[in-house]
Amino acid sequence: MINTTEFNTRLKKILDYYSLSASAFAETITVQRSSISHILSGRNKPSLEFITKVLKAFPSCWFPKYI
């Protein structure tokens, strides 16, 4: 099971590290901006597809707990 709080923290670190807005990040991994917003707010949990897209776009970011 995914720890949403920890995932959100890691996702925010990626956004900060690469200086990306949620919109730019969504465009980079080809998801809707609302998906990012819902995940960051805790409304939704990230899907496996979402996590896979993050890993493909940012291979240096490894989330071993979630795969």
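Start by selecting asparagine 8: leaving aside residues up to four places away in sequence, it touches Ile39, Leu40 and Gly42. Keep in mind as you go that this is a predicted model.

**Stop 1: asparagine 8**

Asparagine 8 sits in helix α1. Is asparagine 8 buried or exposed? Its relative accessibility is 7%, so it counts as buried. Now add isoleucine 39 to your selection. Along the chain, asparagine 8 and isoleucine 39 are 31 residues apart, yet their C-alpha atoms are separated by 7.2 Å. Show the side chain of asparagine 8 and follow it to the backbone oxygen of isoleucine 39, which it reaches at 3.0 Å.

**Stop 2: the buried side of α2**

Next, select α2, which runs over residues 22-29. Which residues of α2 are buried? Colour Ala22, Phe25, Ala26 and Ile29 to see them. Look down the helix axis: these residues cover an arc of only 100°, so they lie on the same side of α2. Here's some background for that view: an α-helix has 3.6 residues a turn, so residues three or four places apart point the same way.

What do the buried residues of α2 pack against? Bring up α1, α3 (33-41) and α4 to see their partners. Before moving on, click on threonine 30, just after α2, where phi is positive at about 55°.

**Stop 3: α2 against α4**

Keep α2 on screen and add α4, residues 48-57. The two helices pack at an angle of about 90°, and their axes are 9 Å apart. Angles of 65 to 115 degrees count as roughly perpendicular, so that is how α2 lies relative to α4. To see the contact itself, show Phe25, Thr28 and Ile29 on the α2 side, then Phe50, Lys53, Val54 and Ala57 on the α4 side.

**Stop 4: the aromatic rings**

How many aromatic pairs does a search of the whole structure find? There are four. For one of them, select tyrosine 17 and tyrosine 18: their rings are edge-to-face, at 4.9 Å centre to centre with 85° between the planes. Tyrosine 17 counts as exposed, at 67% relative accessibility, while tyrosine 18 is partly exposed at 33%.

Now hold on to tyrosine 18 and add phenylalanine 58. This pair is tilted, with 4.9 Å centre to centre and 50° between the planes. Trace the chain and you'll find that the pair links distant parts: tyrosine 18 is in the loop between α1 (4-17) and α2, and phenylalanine 58 is in the segment after α4, 40 residues apart. Phenylalanine 58 has a relative accessibility of 7%, so it counts as buried.

For a last view, select Tyr17, Tyr18, Phe25 and Phe58 together: they form one aromatic cluster. You've already met Phe25 among the buried residues of α2, and Phe25 also takes part in the contact with α4.

Notes. Residues numbered from 1 in each chain as written. Predicted model: local features only at pLDDT ≥ 70, side-chain atom pairs only at ≥ 80, totals over all residues. Heavy atoms only, no water. Phe/Tyr/Trp six-rings, centres within 6.5 Å; stacked < 30°, edge-to-face > 60°. Buried < 20%, exposed > 50% of the residue type's maximum accessible area, 1.4 Å probe, protein only. Helix = DSSP H or I, 4+ residues; strand = E, 2+ residues; numbered from the N terminus. Contact = heavy atoms within 4.5 Å. Polar contact = N/O pair within 3.5 Å; in protein donor to acceptor, adjacent residues only side chain to side chain. Arc of directions from axis to C-beta. Axes fitted to C-alpha atoms, helices over the stretch in contact; angles between N-to-C directions. Parallel < 35°, antiparallel > 145°, perpendicular 65-115°, else oblique.
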